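User: I would like to learn how to read strands, sheets and ligand contacts in a model. Please take me through them one at a time.

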Amino acid sequence: MLQTRPEKNWHSMSADTVFSELKTSMAGISEDEAALRLRTYGPNCLPAPARKGFLRRFFSHFNNLLIYVLLGAALITGLLQHWVDTGVILAVVIVNAIIGFAQEGKAERAMDAIRHMLAPRAAVLRNNQRLTVEGEKLVPGDIVLIEAGDKVPADLRLLKTHGLQVQEAILTGESIPVEKHTDPVNTDTPLGDRSCLAYSGTTVTNGQGVGIVVATAAETEIGHISGMLASVETLTTPLVEQMGFFAKWLALFILAVAALIFAFGLFVLQHNFNELFMAIVGLSVAAIPAGLPAVLTITLAVGAQAMARRNAIVRRLPAIETLGSVSVICTDKTGTLTRNEMCVATVVTGAQRYEVEGEGYEPRGEVMLGNAPVAMSAPNPLQELARVAVLCNDAELRKEEGNWLVEGDPMEGALLAFAAKAGMNSEEVRKLWTRTDIIPFDAQHKFMASLNHNHENHALIAVKGAPEQVLAMCKTYRSEDGGCEPLMETYWRQKTEEVAALGQRVLALATKEVKPEHTVLEHSDVKGTMTLLGLVGLIDPPRQEAITSVAECRGAGIRVKMITGDHVATAKAIGQQIGLQRPNKALTGVDIDNLNDAALAAEVLKVDIFARNRPEHKLRLVTALQAHDMTVAMTGDGVNDAPALKRADVGIAMGRGGTEAAKEASELVLADDNFASIGAAVREGRTVYDNIKKVISWTLPTNAGEASTIIVALLFGMVLPITPIQILWVNLITAVTLGIALAFEPTEENTMHRPPRLRDQPLLTSVLVWHITLVSTLFLCGVFGIYTYAIQQHYSLELARTMAMNTLVVMEIFHLFFIRNMYGTSLTWKAVRGTKVVWMAVIMVTLGQFAITYVPLLQEVFATEAVPLFDGILIVAIGVALFAIIEIEKQMRIRLSRQTQSFTARENS
Ligand code: ATP
């Protein structure tokens with residue numbers, strides 16, 4: 001049994017009282033205690049929104065126009081005492097609902113699993129160690145660290161704040177962020193003014209904070225508000241919605257046509273009511289693509305799953321569709337194109353340039369000056385630099401199973417490893433110099449500063465950041481003898497360029513002593529008075545798979561642009577290594593500021609590298625690219641990236657290094673922060689779109705072919721070549737097998753060799769309309785052809801109909817193999833070999849057809865007769881002929897369009 005805790009006025013208690021109430025300290029609770037509390041109080045998650053009940057979900061599958069028609073037909077055939085017909089119709093209705101229900105359940109489970117991958121994580125202190133845990137595992141008494149971009153994971157009583165601002169709109173409706181402090185407030189202070197509490201579900205917009213968890217799950221303020229729980233997203237996209245809408249109108253149209261034909265048949269042609277009625281039911285079943293919306297939903301779920309397997313997690317389903325039409329990807333550099341496994345390689349001081357050895361985050365390796373290692377026992381200029389690197393730093397290094405790992409920013413982790421190589425024990429230094437205040441890093445200002453005091457009444461400011469920023473703050477630099485010399489800006493700028501040109505990320509470190517009374521750090525404290533200690537160059541190698549993926553994207557007609565906060569020279573060097581199209585040209589944030597929107601729109605197509613950018617530049621770049629009608633995918637991680645991510649056609653957030661704010665603004669989240677996953681997502685997006693198109697291209701001609709068979713027979717007063725009950729059978733058996741198989745089609749080989757699809761390209765293109773006409777005519781010829789042949793052979797009507805029905809199914813199977821390769825040839829070994837799903841579908845249909853043709857009981861129900869072997873071969877031959885005709889037609893069309901393309905290209909050149 002989980003325990004609930006009495007509500008307390010945490011906001012009016014002092015920090016010490018909160019500690020003693022929750023039996024914890026600033027060091028946090030132990031892992032064992034956390035596990036115990038988790039068992040006692042339960043996981044920190046809100047109850048899932050209630051789902052529709054089992055029966056309601058099952059019966060919702062009867063809420064469909066075609067089902068109403070069928071139920072009406074079952075009623076009328078029942079009244080007419082045609083029990084066999086009634087039984088078959090009801091069986092079809094029930095089997096349809098069961099299949100729909102099972103498929104929907106499967107699709108929903110798949111989506112739930114994907115959503116679970118997005119579970120937020122939180123940084124906590126347990127036993128004085130910084131750890132990242134799942135938000136669900138937080139317990140009362142945990143010490144939680146929050147920073148800009150985070151979603152507050154539980155209700156927190158704040159213990160430390162540095163410029164902390166939180167947006168609490170979901171609780172208070174107030175969209176302007178409120179400042180948070182640590183002082184207790186009066187007991188009767190209203191919710192919105194309890195400045196020492198941070199509420200679960202609200203977003204940190206600025207600064208940093210440390211708080212103690214006072215309430216989790218349903219006990220949090222957000223948990224108290226019912227109806228605010230996460231809503232269930234329906235499985236759809238605009239295209240699928242459009243198709244659902246289209247299918248509905250088509251059904252209505254077909255019913256109207258069916259009614260007209262019914263009236264015409266009854267009054268003009270004087271057909272028998274019973275027969276005519278069944279024929280009309282058959283016509284409706286044949287023509288209405290009832291299964292289409294369900295199959296499209298499955299196609300989407302399959303696509304979303306495939307993307308998740310490739311580390312691209314879809315937050316909003318419409319993105320699957322948009323991804324297929326992406327024509328430009330704007331990507332971050334650090335961690336996306338590069339590995340974000342940083343390592344300090346170069347250090348430049350006033351007089352020397354050092355090379356740093358070692359690998360990864362292991363704090364071991366020599367610092368070399370020329371060919372000789374520097375002896376760290378003797379005083380040297382690196383030590384002060386290393387101390388600043390440790391103090392102005394939030395990361396921690398941890399050894400796990402023999403590997404050194406970073407908790408926090410990898411770049412800061414690399415600085416700690418370097419400090420150790422320079423003989424500095426970070427733990428001791430941090431204990432000796434306690435942090436009094438900080439200015440956290442933000443992408444806008446590109447630096448971080450900390451104020452530290454030691455026990456001997458000394459205080460110092462430590463700064464690290466982008467060289468341009470830090471140089472501007474410095475008046476002097478540290479000379480080799482430990483003194484201060486006036487800053488020679490050109491020298492340092494030149495050194496920065498040199499190191500950056502190697503593809504290294506360059507940081508400048510600076511310091512300043514201040515009076516011990518100085519306890520609050522302001523931006524003005526670091527302006528113009530700092531002493532530069534040196535530059536640090538960090539290598540961050542490009543990801544091999546990103547290089548391959550960039551090449552693949554280029555082949556697929558997708559432009560790749562790098563937008564980074566890093567130095568121009570570093571960006572160019574990495575751009576070169578990664579294989580960008582134009583790595584030698586770059587626009588900086590300042591350049592962008594100097595261009596108006598029109599000029600930027602003109603420039604944006606000529607440049608692939610945008611360096612020293614601030615988040616607001618991303619927004620302008622997206623807009624500029626969209627002005628060219630391009631479909632833009634944009635990556636981002638910080639809280640300030642949210643507007644650009646929202647504006648982009650596909651916003652992509654980093655799953656590991658990204659903030660919750662960025663994830664919420666995005667359509668797609670990369671579980672591994674890797675550019676290659678974007679490439680994979682685009683490929684899957686194109687595949688899903690192709691498969692949607694394939695499902696439609698297969699379904700509509702099938703429906704049209706079947707329906708026209710009945711219409712032609714009725715209008716020309718002929719005997720029906722396939723009985724309505726047989727049509728029902730064919731539709732049932734093919735819908736659950738062949739119809740669904742296309743949802744699982746793998747990516748076609750040339751998928752990433754085609755240019756991107758235009759965003760507003762209609763699905764029902766003239767080619768598709770032509771295909772529907774051609775195939776339905778061929779279906780008509782095949783069915784009537786074999787039927788006429790059978791009658792001419794003086795076969796019985798039952799046998800002629802059985803042959804016609806089997807011909808229809810065989811043609812549907814061959815049509816399926818044709819559709820599988822819409823863009824290439826179907827006559828390769830790979831195409832013929834098909835996939836497991838396709839062959840399973842074909843085997844099931846074949847077994848079904850053998851059963852209905854040869855099993856005596858079914859022969860009686862469906863009025864069929866065994867087909868002789870020769871005629872069976874003839875039926876398959878008709879399928880082959882259909883395949884040959886449409887394949888030749890496709891090849892001619894492809895060749896013609898290639899010729900036209902090359903002709904146009906020649907004309908243009
Ligand atoms: P992207 O990920 O977009 O490629 P980035 O991560 O290099 O870019 P930012 O995070 O905006 O871009 O960093 C910009 C610059 O700010 C860096 O080049 C570095 O000089 C400096 N910087 C980055 N992180 C820190 C930090 N934690 N402390 C101090 N300075 C930093």
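User: How many residues lie between β1 and β2 in their hairpin?

Analyst: Helices (H or I, at least four residues) and strands (E, at least two) are DSSP runs, numbered from the N terminus. Two residues separate β1 from β2 in the hairpin, and N127 in the turn has a positive phi of about 55 degrees. This is a predicted model, where local features need pLDDT of at least 70 and side-chain atom pairs count only at pLDDT 80 or more, while totals for chains, interfaces and linings use all residues. Residues are numbered from 1 along each chain as its sequence is written, and side-chain values use heavy atoms, leaving out hydrogens and water.

User: Do β1 and β2 run parallel or antiparallel?

Analyst: Strands of a sheet pair through backbone hydrogen bonds, in either a parallel or an antiparallel way. Two strands count as paired if DSSP finds at least two bridges between them. Strands β1 (residues 121–126) and β2 (residues 129–134) run antiparallel and are joined by six bridges. V124 has L131 in β2 as its bridge partner.

User: In what order do the eight strands of the open sheet come?

Analyst: The order is β8-β28-β27-β26-β9-β23-β25-β24, with mixed pairing. At the edges are β8 (312–314) and β24 (586–588), each of which pairs on one side only. Within this sheet, β27 (residues 650–654) and β28 (residues 668–670) run parallel, joined by three bridges. A653 stands opposite V669 in β28.

User: Which helix packs on the sheet?

Analyst: Contact means heavy atoms within 4.5 Å. Helix α24 (residues 675–715) packs there, touching β8, β9 (328–331), β23 (559–563), β26 (632–636), β27 and β28. Axes are lines fitted to C-alpha atoms, for helices over the stretch in contact, and angles run from 0 to 180 degrees between N-to-C directions. The direction of α24 makes about 160 degrees with that of β9.

User: Which residues come nearest to the ligand?

Analyst: A residue is near the ligand if one of its heavy atoms lies within 4 Å of it. Of the 21 residues around the ligand, K333, T334, R505, T564 and D566 come nearest. The largest share of this shell, three residues, comes from β21.

User: What polar side-chain atom distance does E412 have to a nitrogen atom of the ligand?

Analyst: A polar contact with the ligand is a pair of N or O atoms within 3.5 Å. For E412, a polar side-chain atom lies 3.4 Å from a ligand nitrogen atom. An N or O atom in the side chain of R612 is 3.2 Å from an oxygen atom of the ligand.

How values were computed:
Polar contact = N/O pair within 3.5 Å; in protein donor to acceptor, adjacent residues only side chain to side chain.
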